[in-house]
Amino acid sequence: MPELPEVEVVRRGLARWTGGRTIEAAEILDPRSARRHVEGPDDLQRRLAGATIADVVRRGKFLWLPLSAESDNSHTAGPPRTALMAHLGMSGQLLVKDPGLPDEKHLRIRLALSPARDETGVELPSELRFVDQRIFGGMFLADLEPTADGLPGGQGEVGLPLIPRQAAHIARDPLDPAFSFEAFHTRLRARRTGIKRALLDQSLISGIGNIYADEALWAARLHFARPTDTLRRSESLRLTEEARSVMERALEAGGTSFDSLYVNVNGTSGYFERSLNAYGRAGEPCRRCAAEGRDTRIRRDVFMNRSSYSCPRCQPVPRNARW
DNA sequence: CATTCGTCCTGATAGC
DNA sequence: TGCTATCAGGACGAAT
């Protein structure tokens, strides 16, 4: 399940293998993967043809590729004002592949790219494929607007980042240099909900999904139903730092598969097996308790219609728990 | 306004 | 064998 580290691996791969290349043709094989493109799949295909991938940007779990039109005259063209948005959802993958290779079973969108070579002169594969089994993800075109954090886009603001309107409500993620712990903590304390709901709310802090939420809570020794308005500053800071730490380590692990010539969401499979302390470990020993000579088993609770894993001893159910 | 819930999707797996 | 039920869960619009 792609969360921040997995999406960042994809972003880096895309930047390396597709940056600067022109989309020569687009093929929407399943219109459901383009349902957020309101003008329809035909319009998406038409408007992608001839566009050049100027950059690859990520905020939280959203990716976008600012596009410059090939026909633009350089003296009139400012920064790109349009971007191809991509979200991987639950099962999305972006793969750079040779056109001769057989279609994946769940291939939804195919982009034919202009020829390009790597630094050693080897020709790069010329297809960017969006593969998505469960179709929670998708691609669409969006206008880029100058946008201050937490505010809708305005006109002509200098120095504000260019963000698609569809991502303007997404908060900064913990790996973003502009992430503000003070702003996060203040908004967290004002909430009337449980801490895990808050961690999964992408408008409060972004990039965290079910897996890294459970991992950060375990590391910070906090129960998922802890009311946000009772969190001490030290607890909130510990949680934020643990979230950042676990996602940075996951990114390093996922980054090891980078030498191969493709962008892979599953690059973190090794990480999952080795390093998860809570997620998916129901009935298995809590490693922190085991290190202290105690045998405590990770429990699984159903919360928000999904599984939550925690240690009963390290993460006791709080008073006034907010399920 | 803030918060919570239902829906979209496919495939693997368990149970009968 | 073959059927049905359950689970996986990110994001968004609807409901409360």
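1. A residue is near a strand here if its C-beta atom, placed from the backbone, lies within 6 Å of that strand. By that cut-off, the residues around DNA strand B are Arg-32, Lys-105, Gln-133, Arg-134, Ile-135, Phe-136, Arg-191, Arg-192, Thr-193, Arg-197 and Arg-322. Note that the model is predicted.

2. The surface near DNA strand B divides into seven charged, two polar and two nonpolar residues. Arg-32, Lys-105 and Arg-322 are among the residues around this strand.

3. DNA strand C has 14 residues around it. The closest are Lys-61, Phe-136, Gly-209, Asn-210 and Ser-307. By class, this surface has seven polar, four nonpolar and three charged residues. Phe-136 is listed for strand B and also for strand C.

4. Now the chain as a whole. The secondary structure of chain A comes to eight helices and twelve strands. Of its 323 residues, 39% are buried. Take the contacts between residues at least 6 apart in sequence: 66% of them join residues at least 24 apart.

5. The "active site" annotation comes from an unreviewed UniProt entry and covers Pro-2, Glu-3, Lys-61 and Arg-306. Pro-2 sits in the segment before helix 1, which runs over 4-18. Is Pro-2 buried or exposed? Pro-2 has 23 other C-beta atoms within 10 Å, so it is buried; the threshold is 20 or more.

6. Lys-61 belongs to the loop between strand 3 (57-59) and strand 4 (62-69). Lys-61 is buried too, because 24 other C-beta atoms lie within 10 Å. Beyond its neighbours within four places in sequence, Lys-61 is in contact with Pro-2, Glu-3, Leu-4, Val-7, His-87, Ser-206 and Gly-207. Two of these partners, Pro-2 and Glu-3, carry the annotation "active site" in the unreviewed UniProt entry. Lys-61 is also one of the closest residues to DNA strand C.

7. Helix 1 has a length check that works out. At 1.5 Å a residue, its 15 residues should span 21 Å. The end C-alpha atoms are 20 Å apart, which agrees. The expected figure uses one less than the number of residues. After the helix comes Gly-20, with a positive phi near 85 degrees.

8. How many of the 15 residues of helix 1 are buried? Eleven are, so the helix is largely enclosed by the rest of the structure. The buried set is Leu-4, Pro-5, Glu-6, Val-7, Glu-8, Val-9, Val-10, Gly-13, Leu-14, Trp-17 and Thr-18. Leu-4 and Val-7 are among the contacts of Lys-61.

9. The "binding site" annotation, again from an unreviewed UniProt entry, covers His-106, Arg-134 and Arg-191. These positions spread over 86 residues of sequence and are also spread in space, up to 39.8 Å between C-alpha atoms. Arg-134 and Arg-191 both appear among the residues around DNA strand B.

10. His-106 is found in the loop between strand 6 (92-97) and strand 7 (107-113). With 17 other C-beta atoms within 10 Å, His-106 is partly exposed. Not counting residues up to four places away in sequence, His-106 touches Val-131, Asp-132 and Gln-133. Of these, Gln-133 is listed around DNA strand B.

11. Arg-134 lies in the loop between strand 8 (127-132) and strand 9 (138-146). Arg-134 is exposed, because just 10 other C-beta atoms lie within 10 Å and the limit is 12 or fewer. Its contacts, leaving aside neighbours within four places in sequence, are Gly-89, Met-90 and Ser-91.

12. Two backbone angles merit a look. Met-304 is not a glycine, yet its phi is positive, about 60 degrees. Met-304 lies in the loop between strand 11 (299-303) and strand 12 (306-310). With 13 C-beta neighbours inside 10 Å, Met-304 counts as partly exposed. Asn-320 also has a positive phi, near 55 degrees. Asn-320 is in the segment after strand 12 and is exposed, with 10 other C-beta atoms within 10 Å.

13. Last, Ile-163. This residue lies in strand 10 (residues 162-164). Ile-163 counts as buried because it has 24 C-beta neighbours inside 10 Å. Apart from neighbours within four places in sequence, Ile-163 is in contact with Leu-144, Glu-145, Thr-147 and Ala-168. Ile-163 and Arg-306 are 143 residues apart in sequence and 31 Å apart in space, C-alpha to C-alpha.

Terms used: Residues are numbered from 1 along each chain as its sequence is written. Chains are lettered from A and ligands numbered from 1 in the order in which they are written. This is a predicted model: local features need pLDDT of at least 70, side-chain atom pairs count only at pLDDT 80 or more; totals for chains, interfaces and linings use all residues. Ala, Val, Leu, Ile, Met, Phe, Trp, Tyr, Cys and Pro count as nonpolar, Asp, Glu, Lys and Arg as charged, and the others, Gly among them, as polar. Helices (H or I, at least four residues) and strands (E, at least two) are DSSP runs, numbered from the N terminus. Two residues are in contact if their C-beta atoms, placed from the backbone, lie within 7 Å. UniProt positions are given in the numbering used here, feature names are shortened, and annotations may be inferred rather than shown by experiment.
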